[in-house]
Amino acid sequence: MIFDIDKIRQDFPILQQKIYNRPLVYFDNAATTQRPQRVIDALTRTYTEYYGNIHRAAHFLADKATEAYEQTREMVRELINAESREQIIFTKGTTESINLVAFSFGEAFIQEGDEIIVSEMEHHSNIVPWQLMAGRKGAKIVMLPIDDDGRLQIEKLESLISNRTKLIAVTHVSNVLGTINPVKQIAQIAHSNGIRILIDGAQAAAHLRIDVQDLDADFYAFSAHKMYGPNGVGVLYGKKELLEQMPPYQGGGEMISEVKFAGTTYNELPYKFEAGTPNISGVIAFGAAIGYLQQIGIENAAAWETELLNYATKQLLTIPGLRIYGTQVEKSGVISFNVEGVHFFDLGTMLDKFGIAVRTGHHCADPLMDHFDIQGTVRASFAFYNTKEEIDVFVAALKKVISMF
Ligand code: PMP
C-alpha cells in the first residue's frame with residue numbers, strides 16, 4: 001500500500017454513504033470523480049468570504065476573488081508544465097475546450113478540402129465538434145482505426161496523412177478501453193508532416209503526469225470534475241502562436257480590448273477566449289483539487305489504480321462468458337465488459353441494488369461500439385480512493401447477478 005487509503009477515504013464525505021443500506025462502491029470515476037472536503041470547503045469559503053466578479057472591479061472582494069482565480073491558473077500551468085499562464089484558458093469542460101479549438105482553429109486555418117484525422121476510439125466530444133467544423137468549412141474527417149484489442153493503429157497514420165491534413169485529434173486515454181495512447185509519438189508524426197495535434201486529456205489529467213512541452217501538444221483539453229474538482233470547469237492549453245492567430249470563440253465581456261460600433265479589438269491571451277463571467281468559485285475550488293491531487297501524488301494515485309485494475313481484471317476473467325474490451329498493457333483504471341447472454345443495462349441496474357455504481361451504455365463512443373459490433377458495455381472505473389475490498393464486493397455481486405439470469 002502506497003498511502004493510507006482509510007485516511008484518504010475519510011477526506012471524501014460522499015464515500016461514507018450507504019446506498020440501499022449497503023456501503024457505496026463508487027466505480028464510475030471515468031464519468032466523474034467525487035470531491036474531497038477540501039474542495040467543498042473551498043467552494044463554501046469563496047461564497048462566504050471573498051466572492052465578487054473577477055478582473056473588473058476595484059474593490060476588496062473582487063480583488064481577492066481575482067487573485068484566487070488567477071492563482072488556480074498558475075497551478076494549472078505548473079501541473080501540466082505549460083510555458084506561460086496565457087496559454088491556460090478556462091472553459092466549462094473538455095467539451096467546450098474542443099469546441100473552442102474546432103471553431104477558432106477552423107476559422108483561422110481550415111480551408112475547403114482540408115482534412116482532420118480523428119481516431120476511432122474518440123468520445124463524441126472529440127468527433128462531433130470536428131464534424132460541425134467540417135460541415136461549415138467543407139473539410140473532411142478521416143478516421144484512424146483501432147485493433148480489436150483496443151490499440152490505435154498508428155502504423156497506418158502516415159498513410160492517412162495527405163497534403164490537405166491540418167490536424168490530428170486524439171484522446172490521451174480512452175474512456176471505454178482505458179488504452180493510454182502514444183500521444184508523444186503521434187505528435188512527432190504530426191509535426192514532421194507540418195500538422196497540428198489536439199489531445200483530449202479528459203481521462204488522463206487525474207491519472208498521468210502531463211507535460212505539454214514534453215508531449216509537444218499543440219492543444220490539450222481536460223475537465224476539473226474528473227480530477228476531484230468542481231463540475232463546470234475545464235481547461236484548454238494551446239501553443240501561444242496558434243492561440244494568437246485564432247479568432248475568439250465567443251463574444252462578450254472580458255474578451256475585448258475596446259468595443260466601438262465601427263469595430264472591436266480583442267483582449268490579450270487568455271482573456272480573448274474567456275468571454276463573460278466564468279465559473280469563479282469553481283475555478284477557485286479547482287485550485288484546491290489540484291493541491292489535493294499534488295499532495296496525494298499523481299504517480300502514487302496511478303500506481304494504486306493500476307494495482308486495482310490488475311486485481312479486478314484477474315478476477316473478472318474467471319467469470320465464464322465475460323469479455324473485456326481493451327486489453328492493452330498501457331492501460332488506465334477502466335474496465336469495459338459484457339457478459340454473454342446478459343444485457344449490460346440489466347447488469348448495471350442490478351449492481352446498483354448492491355450499492356455499486358458502474359456505468360452502462362455506449363459511453364459517448366458510438367463509433368467504438370460499432371467497431372466491436374455492440375450497443376454498449378458495463379464500465380467499472382477506479383480512482384485512488386477505491387479498494388481491493390470494494391472489488392471483491394463488486395465481483396461477488398456480479399457473479400450473483402449473472403446467476404440470476
Ligand atoms: N473526452 C473523454 C475521453 C471523456 O471521457 C469525456 C467525459 N466522459 C469527455 C471528453 C467530455 O468531458 P466533459 O463532459 O467534462 O466535457
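## Strand E9 and its neighbours

In this predicted model, Tyr220 stands opposite Tyr237 of strand E10. Strand E10 covers residues 234-238 and pairs with E9 in the antiparallel sense, over 5 bridges. Strand E8, formed by residues 196-200, runs parallel to E9 and is joined to it by 3 bridges. Within that pairing, Ile199 stands opposite Tyr220. Tyr220 of E9 therefore has an opposite residue in E8 and another in E10, in a strand whose residues are under 20% relative accessible area.

## Burial of E9

Strand E9 comprises residues 219-223, and 5 of the 5 are buried, so the strand is largely enclosed by the rest of the structure. The side chains are divided between two directions: Phe219, Ala221 and Ser223 point one way, while Tyr220 and Phe222 point the other way. Residues on both sides are buried.

## Helix H2

Helix H2 consists of 13 residues, 37-49. From its first C-alpha to its last it reaches 17 Å, close to the 18 Å expected at 1.5 Å a residue.

Val39, Ala42 and Thr46 are buried in H2. Viewed down the helix axis, the buried residues fall within an arc of 50°, so they line one face of H2. An α-helix has 3.6 residues a turn, so residues three or four places apart point the same way. The buried residues of H2 pack against helix H10, residues 280-296. Tyr47 and Thr48, by contrast, are exposed on the other side of H2.

How values were computed: Residues numbered from 1 in each chain as written. Predicted model: local features only at pLDDT ≥ 70, side-chain atom pairs only at ≥ 80, totals over all residues. Heavy atoms only, no water. Buried < 20%, exposed > 50% of the residue type's maximum accessible area, 1.4 Å probe, protein only. Helix = DSSP H or I, 4+ residues; strand = E, 2+ residues; numbered from the N terminus. Pairing = 2+ DSSP bridges. Expected span 1.5 Å × (residues − 1). Arc of directions from axis to C-beta. Contact = heavy atoms within 4.5 Å.
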